[in-house]
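Biologist: I am new to this structure. Please take one helix and look at it closely, then set another beside it.

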Amino acid sequence: MNLHQHKIAKELGVLEKQVNATVELLDEGATIPFIARYRKEVTGTLDEVQVSAIRDRITQLRDLDKRREAILKSLEELGKLSPELTEKINAAETMSALEDIYLPYKPKRKTKASVAKEKGLEPLALLIFEQNAIDLDAAAAKFIDTEKGVNNMEEALQGARDIMAESMAENAEARAHLRDLFLNKGHFKSKLMKGKEEQAIKYKDYYDWSEPIKDAPSHRILAMRRAEKELFVSLELAPAEELAIEILNKQFLLANNSSAEQVELAIKDGYKRLLAPSMETETRVFTKNKADDEAIRVFAENARQLLLAAPLGQKSVMAIDPGFRTGCKVVCLDEQGKLLENTNIYPHEPQKKLTESAATIKQLVAKHQIKAIAIGNGTAGRETEDFIQKLNLADCMIVMVNESGASIYSASEVARNEFPDLDLTVRGAISIGRRLMDPLAELVKIDPQSIGVGQYQHDVDQKKLQASLDDTVVSCVNLVGVELNTASKQILSYVSGLGPQLAQNIIDYRTKNGPFVKRSDLKKVTRLGEKAFEQAAAFLRIRHAKNPLDASAVHPERYEIVEKMAKDLHCKVADLLADESLRKQIQLGQYVTSDVGMPTLTDIISELAKPGLDPREKFEAFEFAVGVNNIKDLRIGMTLPGIVTNITNFGAFVDIGVHQDGLVHVSQLADKFVKDPNEVVKVSQKVMVRVTEVDEARKRIALSMKS
């Protein structure tokens, strides 16, 4: 096990003792946010990214060990295990190296080589493979046996070549060389399938495409694979055949005689029939995994930025889910997001009741003292925004809200449990309003795959995607912290150490006993033991609690330290929070102990200065350009305000209010070279863009952020 820790430490550039401590905490059930935030002395202040990397790598190495054990057991049962083979297997550092060693011994279905061996031709194959100067015809003639199905000399030689071809195809060194060749000198080649030109217009770029495998970016790999899956293009992954044959000849050709000629024929057959298909399959898996990892990384980063978007906060909100034919659903929510009233208005064709709709909005705004109006950005969104703007509502901001996933939420079990008696569209409008108030609290109710960021999310490994997105949501929820007495089951589920069942138990306790008065009351919740309390307590806040530390990120296990600080200064804990001059008098060195060092003490002082501070940015209102509501309204050269909705490796998508996001290609993001779009923009960021191209037929808008 320590060998693993040593390897991980070397790979990540950290100390082995840091890896040891982190693995121990993870094995004990500690979560990543808890380890990174409250066990800094133990891990040597590793952050969430480093802790995640250690977790993922130790899992990978342990999986490799499990496979190693299974292979050793299988070989032992087959009677093939030798000290030399055991040493090779134990030395293998990757899954592919391990499988290459096992391949010649792996039980397999009938092959040309196994049939030839059954005919007794293996000794001939071994003789030829030595490539000594022999009388080949005479040697082959000895193996003619009609009873075994070897009727002539050529059949004997063919069987020997089949055996040699399989042996070379299963050679670990040859496979390693060819694997490297495929990855570094191979090409993706896609061709349009016959008769599919009109149907495959969205894959026009791949009608006749070739690109080095090592250079192909994630989004193009996934696009080519999707086009192939939908039977629009054929896709091949391979290097030039002569390069592969040259490598195999160099390894296996030892002479220049009749035996070597047979080996050369076997090499060509073994490559075309066995090695090339096998290496292409491996390369497909490798490139798919690499593309998945990159796409998932981009998706997770986008989701993180969306989840941590600036909240409006606790203000009374009106939310409108726009529509033409069926009208607009209107809901009014109080400062906590509770539904006060809902109705319909019809400000658009075909019904178009402008006067009545205007009166309804004005009356509801006055009645519920509405401070902000959230309008969904889907169908009729811009038209509804124009209608509301013209009402000139005083002291009431109007905000377009990304409604991706709202319809999925409205039909979900979560929504049915929250609002069993309400129509789907009303639930959707409530979700739009709550997203404005607190994006994180509302978006955790929706499958992260449905929140409108990322590309090709349905093409990547769904298990890996879900694990990554779960990590992202957990990280965001615990970074912000959760108000214990108002949090939904969904957001509580993501708190460190909890999960769905304990979240429900907290809700049940709250329903039965009323609001939590202090953090320690969590221990009264059914099945919430000491371990769960240790992991969760500091991420759960109780506003206006008797103990002011219960509203902060200070862990309950460190309350005694803060109380001692207050005692030493002859004041109360509340005074420390309120008075900066008192905090400046604290000599942190006096409070260092065997398990509490300066990193934790520094965090405590920072938290006392701003207890429970929301780390998200301050909310800023945004307005699209007036009169630009449709792609037909766009003109080349227009400069427009927009909101970044999605980021990929090739650029950023920006909503400019025309129901179709435009793309700012990575080359157009800045006046300087940009390698990673995340260096320049973030999801939900407000930007100014210039229209450079409009393709109405393909619904494509090209934008630029260059000056």
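Modeller: This is a predicted model. Start with helix α26. Glu560 and Lys567 are exposed, on the other side of α26 from its buried residues. Those buried residues are Tyr559, Ile561, Val562, Met565 and Ala566. Seen down the axis of α26, they fall within an arc of 165°, so they line one face of the helix. The helix itself covers residues 559-568.

What do the buried residues of α26 pack against? Their partners are α27 (573-578) and α29 (598-609). Now step past the end of the helix. Just after α26 comes His570, with a positive phi of about 55°.

Next, turn to helix α14. It runs over residues 241-252, which makes 12 residues. From first C-alpha to last, α14 reaches 16 Å. That is close to the 16 Å expected at 1.5 Å a residue.

Which residues of α14 are buried? They are Ala244, Ile245, Leu248, Asn249, Gln251 and Phe252. These residues cover an arc of only 165° around the axis, which puts them on the same side of α14. Exposed residues sit on the other side of α14: Glu242, Glu246 and Lys250.

The buried residues of α14 have their own packing partners. Among them are α9 (122-129) and α11 (153-169). The buried residues also pack against α12 (172-185) and α15 (258-307).

Terms used. Residues are numbered from 1 along each chain as its sequence is written. This is a predicted model: local features need pLDDT of at least 70, side-chain atom pairs count only at pLDDT 80 or more; totals for chains, interfaces and linings use all residues. Side-chain values use heavy atoms; hydrogens and water are left out. Helices (H or I, at least four residues) and strands (E, at least two) are DSSP runs, numbered from the N terminus. The expected span of a helix is 1.5 Å times one less than its number of residues. Buried means under 20% relative accessible area, exposed over 50%, partly exposed in between (1.4 Å probe, protein chains only). The arc is that of the directions from the helix axis to the C-beta atoms. Contact means heavy atoms within 4.5 Å.
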